[in-house]
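Biologist: I have the structure open next to the sequence. Please walk me through the strands and their turns.

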Amino acid sequence: MDISQHVDAGKLTSCYVSGWSEEVTLHFGKDQIKFKVDETQLRELAKDIAERIKTIDEERAAEVEKLLSEKEENEQAAD
């Protein structure tokens, strides 16, 4: 039987990945969620997180490039 539950735990305050028990602990203030993951799942989780961070970095770089371009245009128009 599969049981699923949605938990609104709030802001993640820290996490811990055990090196010996294959357990991940997510801390939300005084509350925590623990779950077991095998190596394959852990690698997939790391891959997904890395991909999300890459997307965020690319979006921020594009925003900075746009702002710098607009600044240059404004400076040229002022001259």
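**Strands and turns**

Modeller: Leaving out residues up to four places away in sequence, Thr-25 touches Ser-14, Cys-15, Tyr-16, Gln-32, Ile-33 and Lys-34, where contact means heavy atoms within 4.5 Å. This is a predicted model, with local features needing pLDDT of at least 70, side-chain atom pairs counting only at pLDDT 80 or more, and totals for chains, interfaces and linings using all residues. Residues are numbered from 1 along each chain as its sequence is written, and side-chain values use heavy atoms, without hydrogens and water.

Biologist: Where does Thr-25 sit?

Modeller: Thr-25 is in strand S2. Strands (E, at least two residues) are DSSP runs numbered from the N terminus.

Biologist: Buried or exposed?

Modeller: Thr-25 counts as buried because its relative accessibility is 6%. Buried means under 20% relative accessible area, exposed over 50%, partly exposed in between (1.4 Å probe, protein chains only).

Biologist: And Val-24, what does that one touch?

Modeller: Val-24 touches Tyr-16, Val-17, Ile-33, Lys-34, Phe-35, Val-37 and Leu-42, again not counting residues up to four places away in sequence. Val-24 is also in strand S2, and at 4% relative accessibility Val-24 counts as buried.

Biologist: How many Å separate the C-alpha atoms of Val-24 and Ala-9?

Modeller: Those C-alpha atoms are separated by 16 Å, and the two residues are 15 apart along the chain.

Biologist: Back to the strands. In which sense do S1 and S2 pair?

Modeller: S1 (residues 14-17) and S2 (residues 23-28) pair in the antiparallel sense, over four bridges. Two strands pair if DSSP finds at least two bridges between them.

Biologist: Which residue in S2 is the bridge partner of Cys-15?

Modeller: Leu-26 is the bridge partner of Cys-15. Elsewhere along these two strands, Ser-14 stands opposite His-27 in S2.

Biologist: What stands opposite His-27 in S3?

Modeller: Gln-32 does, so to speak from the other strand. S2 and S3 (residues 31-36) run antiparallel and are joined by six bridges.

Biologist: How many residues lie between S2 and S3 in their hairpin?

Modeller: Two residues lie between S2 and S3. Gly-29 in that turn has a positive phi of about 65 degrees.

Biologist: Now the other hairpin. How many residues lie between S1 and S2?

Modeller: Five residues lie between S1 and S2. Glu-22 is in that loop, and so is Ser-18.

Biologist: What is the phi of Glu-22?

Modeller: Glu-22 has a positive phi of about 55 degrees, although it is not a glycine. Most residues other than glycine have a negative phi.

Biologist: Which class does Glu-22 fall into, buried, partly exposed or exposed?

Modeller: Glu-22 counts as partly exposed because its relative accessibility is 47%.

Biologist: And Ser-18, buried or exposed?

Modeller: Ser-18 counts as buried, at 10% relative accessibility. In the loop between S1 and S2 you therefore have Ser-18 buried and Glu-22 partly exposed.

Biologist: Give me the short version for my notes.

Modeller: S2 pairs in the antiparallel sense with S1 over four bridges, and six bridges join S2 to S3, also antiparallel. Val-24 in S2 is buried, and Thr-25 in S2 is buried as well. The turn between S1 and S2 has Glu-22 with its positive phi, and the turn between S2 and S3 has Gly-29 with a positive phi.
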